[in-house]
Amino acid sequence: MKPKIYLIMVLLASFHVVVKGQETGSLNYKLSLKAAIDYALTHQTDVLNAVVDEEMARNKVKETVGIGLPQVSASYNFQDFLKLPTTLLPGEFSNPPSDTPIPVKFGTKFNSTAGIELSQLIFDGSYIVGLQASKTYKELSVRNSRRTRIETATAVTKAYYSVLVIAEQLDLIDANLTQLSKSLNDTEALFKNGFAEKIDVDRLQVLKNNLETERENVTRLLELNINMLKFQMGMPIQAELTLTDQIKDIRAEQVALAVADTTAYKGRIEYALLETQQKLNELDFKRQKSTFLPTLRGFASASKNFQSDEFSRHFDNRFPTSVIGFTLSWNLINGGQRIYQMRNAKLTIKKTENDMLNLKNGIAQEVSANQKLYLNSKRSVENQERNLALAKEILRVTRIKYEQGVGSSLEVTTAETSLKEAQNNYIKALYDLLITKVDLDKAAGRINY
């Protein structure tokens with residue numbers, strides 16, 4: 001018996017290890033930008049809630065449709081009269097006639113009624129307009145969901161680019177640190193042989209210490225940005241994430257530029273949302289007008305009344321009743337409330353028209369501004385790349401001169417500092433370029449999901 005128990009425990013432990021390994025493996029991701037966006041569109045909380053809102057909107061449409069479908073209700077009422085009600089009859093009904101009213105008890109001790117009623121809306125102007133509005137409301141929910149996907153894709157793209165830029169910065173620091181370590185080692189060798197001063201070694205050591213500190217800070221910043229990207233994607237923070245896209249490939253992508261794009265608003269979800277809102281406003285105006293029309297409902301009901309003085313024989317006596325008919329209601333005068341409600345609905349349409357015109361102008365201005373920012377960022381990156389190349393060349397020449405004894409250690413230190421500054425300027429310009437690229441694509445309506 002004991003060997004069997006031991007075998008079962010071993011199998012369970014092995015299964016736990018396998019499952020644990022599978023779970024760990026499932027949390028390793030290597031994603032391109034497109035794959036990261038696709039992941040976010042199926043895992044990000046805001047996107048998932050937007051999908052839920054779409055489903056709720058579809059249910060709302062069905063709920064509104066149900067108002068115009070046949071309505072059936074059933075009821076049952078039971079009464080036990082502990083004391084029967086008394087009615088006074090005129091004394092003339094007595095024999096012989098009397099001037100005093102005669103108290104008489106009518107009814108039975110037990111009474112109950114079972115019934116079923118059917119009602120059907122035949123005509124209601126507000127319902128017809130409300131049915132149209134519910135479908136437009138569904139359209140609004142779908143477009144809101146699309147806006148959420150676009151905003152999520154934009155946020156993921158910016159976070160993805162941030163990680164790439166910081167990784168590029170870390171590569172530059174590593175390369176600089178390798179060169180600086182070599183210079184420090186060479187200078188220490190020269191100092192030991194009496195060809196350099198202690199201050200030369202100290203200056204390079206300070207630069208190396210500062211660069212190592214900067215590397216630690218950038219490494220932590222890279223981890224923070226990777227976690228931010230995971231959060232934007234809806235990915236567990238404990239997952240391992242590796243980015244597969246390269247900055248050089250992203251920079252090689254062509255960005256469409258137009259001198260004056262006056263039709264960009266057609267691709268913007270914000271404008272589409274305003275268009276849908278305008279439809280709802282127009283339907284609300286129609287609904288206000290429809291309140292001047294009458295409402296017609298049809299109904300049919302059937303019931304049975306049971307009466308007895310003995311509970312055991314309560315259902316022996318039944319008296320059926322059935323009726324059909326219709327109800328016409330028409331609110332003719334309500335103090336002018338409907339007139340002013342209709343006027344306000346019309347004014348709301350005017351306000352939305354103004355908002356749409358303002359949004360058109362705002363989008364045109366946004367596109368124009370982002371085009372200029374993108375071009376400026378592109379030129380800035382090109383300039384900073386040239387500056388970085390020059391700083392590297394200056395440092396190379398300065399080191400050669402120092403090693404040949406025709407230059408000073410101060411010149412080498414200054415060149416190292418200039419290279420570090422050029423690298424930082426290049427990284428900042430590169431980040432600005434990538435972010436303005438995303439902003440331009442969004443402004444022009446080219447980010448669609």
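**Exercise 1. Work out how much space lies in the largest cavity, and what lines it.**

Let's start with the volume: the largest cavity holds about 70 Å³ of space. Keep in mind that this is a predicted model.

Next, list the lining. Going round the largest cavity, you meet S183, D186, T187, L204, R399, Y402, E403 and V412. Now map those onto secondary structure: α4 (125–192) and α8 (337–403) are the elements that give two or more residues to this lining.

Last step, sort by class. The lining of the largest cavity comes out as three nonpolar, two polar and three charged residues.

**Exercise 2. Find how many cavities of 30 Å³ or more the whole structure has, and describe the second largest.**

Run the search over the whole structure and you get three cavities of 30 Å³ or more. The idea behind it is simple: rolling a probe the size of a water molecule over the atoms shows where empty space is left.

Now take the second largest cavity, with about 50 Å³ of space in it. Its lining consists of I150, G267, R268, I269, E270, K442, G445 and I447. By class, that lining of the second largest cavity splits into three nonpolar, two polar and three charged residues.

**Exercise 3. Decide how α4 is oriented against α7, and then against α5.**

Begin with α7, the helix of residues 269–290. It packs with α4 at an angle of about 165°, the two axes being 9 Å apart. Angles over 145 degrees count as roughly antiparallel, so α4 is roughly antiparallel to α7. As for handedness, α4 passes α7 in a left-handed crossing. The residues in the contact of α4 with α7 are 10 nonpolar, eight polar and eight charged.

Repeat the steps for α5, the helix of residues 198–233. Here the angle with α4 is about 160° and the axes lie 8 Å apart. The same cut-off of 145 degrees applies, so α4 is roughly antiparallel to α5. The crossing of α4 past α5 is left-handed. In the contact of α4 with α5, count 23 nonpolar, 11 polar and eight charged residues.

**Exercise 4. Judge whether the protein chain is spread out or a compact globule.**

First, the inventory: the protein chain has nine helices and eight strands.

Then compare radii. For 449 residues the globule rule gives 22 Å, while the radius of gyration of the protein chain is 41 Å, well over that value. The protein chain is therefore more spread out than a compact globule.

To finish, look at the box along the principal axes: the C-alpha atoms of the protein chain fill roughly 150 × 85 × 35 Å.

Methods. Residues are numbered from 1 along each chain as its sequence is written. This is a predicted model: local features need pLDDT of at least 70, side-chain atom pairs count only at pLDDT 80 or more; totals for chains, interfaces and linings use all residues. Side-chain values use heavy atoms; hydrogens and water are left out. On a 1 Å grid over the protein atoms alone, a cavity is a set of points where a 1.4 Å probe fits but cannot get out, and a pocket is an open set with protein on both sides within 12 Å along at least five of seven lines; lining residues have an atom within 4 Å of a point. Grid points are joined across faces, edges and corners, and a volume is the space filled by probe spheres set on the points. Helices (H or I, at least four residues) and strands (E, at least two) are DSSP runs, numbered from the N terminus. Ala, Val, Leu, Ile, Met, Phe, Trp, Tyr, Cys and Pro count as nonpolar, Asp, Glu, Lys and Arg as charged, and the others, Gly among them, as polar. Axes are lines fitted to C-alpha atoms, for helices over the stretch in contact, and angles run from 0 to 180 degrees between N-to-C directions. Angles under 35 degrees count as roughly parallel, over 145 as roughly antiparallel, 65 to 115 as roughly perpendicular and the rest as oblique. A crossing is left-handed if the near helix is turned anticlockwise from the far one by less than a right angle, and right-handed if clockwise. The radius of gyration is taken over C-alpha atoms; the globule rule is 2.2 Å times the number of residues to the power 0.38.
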